[in-house]
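Morning, everyone. I have one model to walk through, and I will keep it brisk. Please have a look at it first.

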Amino acid sequence: MTPLQSWAVWAGTHPLATWGAGLVFVLVATLAARGAVLFASPRCAPWLGRWSEPRHAVPRLWMALAVSGLLLWGCAEILGELADEWSDTTHWAHLDETLAATLRAHAGVPTLTLFARLTHAGDKEVLAVLAVGVAAALWWRRHRLLAAGWVAALAGNGLLTRGFKHAFERVRPEHVHGISAADGYSFPSGHSSSSLVAYAMLAYLAVRLLPARWHLPAVLAAAVVTFTVGWSRVVLQVHYASDVLAGWVTGGIWLTCCVLVMNGVGRWHRSRLPAAA
């Protein structure tokens, strides 16, 4: 048995402990990323200030669109590599199968019931209500660009994920416990990608609109919910681990594209205001 398979056996036997360890890792990584951003911000401020001048608004928008196109192309390439590496008889494929088989054998009803409840944070119905509520609040407060970006982020991610699912057509792992069920194709995980986009976008809106004391809690909460939803899909055996990883890649790249384009459009729109006046 390879080290990866040994880890998969341990994780499948101890899903709650794996969840806790994963949350600790995610929180530490989020804090480290925030520290890196705070460290780099003063050093990048002069260049960013010059690049934010009104005369650069149009080139900045075109660059955001070009970079977004490259990122989406890269996303397709990455998912293709993941689909190849996590199929057939590779070590990664063995990890997928070993983890799913161990969870089928050892995950008890209380554990499955817990994660069946937690996974609802990524359900289509929950995110649809969240999308309408947040969009209405942003529109009412006259944050029209943010409202449009919020809707485009969630709706676009759904279409992108569905397109990838039909492109790869991976069958879901066997799940016969009856506590939770899912149909359709498996790769990438729609719950994982949509929860990352929705809750990370909420954190982005919090950073843009709320006082500074809310920024870090919002980012940490988004990281916790995103990881929890992804791991719940694995524990419930409705997705392989590689499906969840691909969902996070898809959601993360799409969110980056949305933020880049939103910022580009926002600066372009503000650059036109003096001329219009």
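A definition before anything else: buried means under 20% relative accessible area, and exposed means over 50%. Residues in between are called partly exposed. On that scale, 42% of the 277 residues of the protein count as buried. Keep in mind that this is a predicted model.

Now the overall fold. The protein has 10 helices and 0 strands. Read from the N terminus, the order is α-α-α-α-α-α-α-α-α-α. How do the contacts split by separation? Take the contacts with a separation of 6 or more: residues 24 or more positions apart account for 80% of them. On the outside, the protein exposes about 14,800 Å². Carbon and sulfur atoms supply 70% of that area.

Let me start the details with one helix, H5. It covers residues 109-118. Which of its residues are buried? Thr111, Leu112, Phe115 and Ala116 are. Seen down the axis of H5, these buried residues fall within an arc of 135°, so they line one face of the helix. The general rule helps here: an α-helix has 3.6 residues a turn, so residues three or four places apart point the same way. What does H5 carry on the face turned away from its buried side? There we find the exposed residues Val109, Pro110 and Arg117.

Next, charges. How many salt bridges does the structure hold? The count is 1. Asp243 pairs with Arg170, and their closest N and O atoms are 2.7 Å apart. This pair links distant parts of the chain, 73 residues apart. Asp243 sits in helix H10, residues 241-276. Arg170 sits in the loop between helix H7 (144-168) and helix H8 (190-209). Are the two partners buried or exposed? Asp243 has 0% relative accessibility, so with a cut-off of under 20% it counts as buried. Arg170 has a relative accessible area of 14%, so Arg170 is buried as well.

On to helix H8. Two of its residues deserve a slide each.

First slide: His191, which is in helix H8. At 15% relative accessibility, His191 counts as buried. What does the His191 side chain make a polar contact with? The partner is the side chain of Asp123, at 2.7 Å. Set aside the neighbours within four places in sequence, and His191 is in contact with Thr119, Gly122, Asp123, Val229 and Arg233. So Asp123 appears in that contact list and also as the polar partner.

Second slide: Ser192, also placed in helix H8. Its relative accessible area is 0%, and Ser192 is buried. A polar contact of 2.9 Å joins the side chains of Ser192 and Ser189. Beyond four places in sequence, Ser192 is in contact with Gly230, Arg233, Val244, Gly247 and Trp248. Arg233 is on this list, and it is on the list for His191. How far apart are Ser192 and Thr226? In sequence, 34 residues; in space, 6.9 Å, C-alpha to C-alpha.

Last stop, the surface. Which residues form a nonpolar patch there? Val58, Trp62 and Leu65 do, with about 310 Å² of accessible area together. Trp62 is found in helix H3, residues 57-85. With a relative accessible area of 58%, Trp62 is exposed.

That is my tour. Over to you.

Technical notes:
Residues numbered from 1 in each chain as written. Heavy atoms only, no water. Buried < 20%, exposed > 50% of the residue type's maximum accessible area, 1.4 Å probe, protein only. Helix = DSSP H or I, 4+ residues; strand = E, 2+ residues; numbered from the N terminus. Arc of directions from axis to C-beta. Contact = heavy atoms within 4.5 Å. Areas by Shrake-Rupley, 256 points an atom, 1.4 Å probe, with all protein chains shown as cover. Salt bridge = Lys/Arg side-chain N within 4 Å of Asp/Glu carboxyl O. Polar contact = N/O pair within 3.5 Å; in protein donor to acceptor, adjacent residues only side chain to side chain. Patch = residues over 30% accessible without salt bridge, like charges linked within 9 Å, V, L, I, M, F, W, Y side chains within 5 Å.
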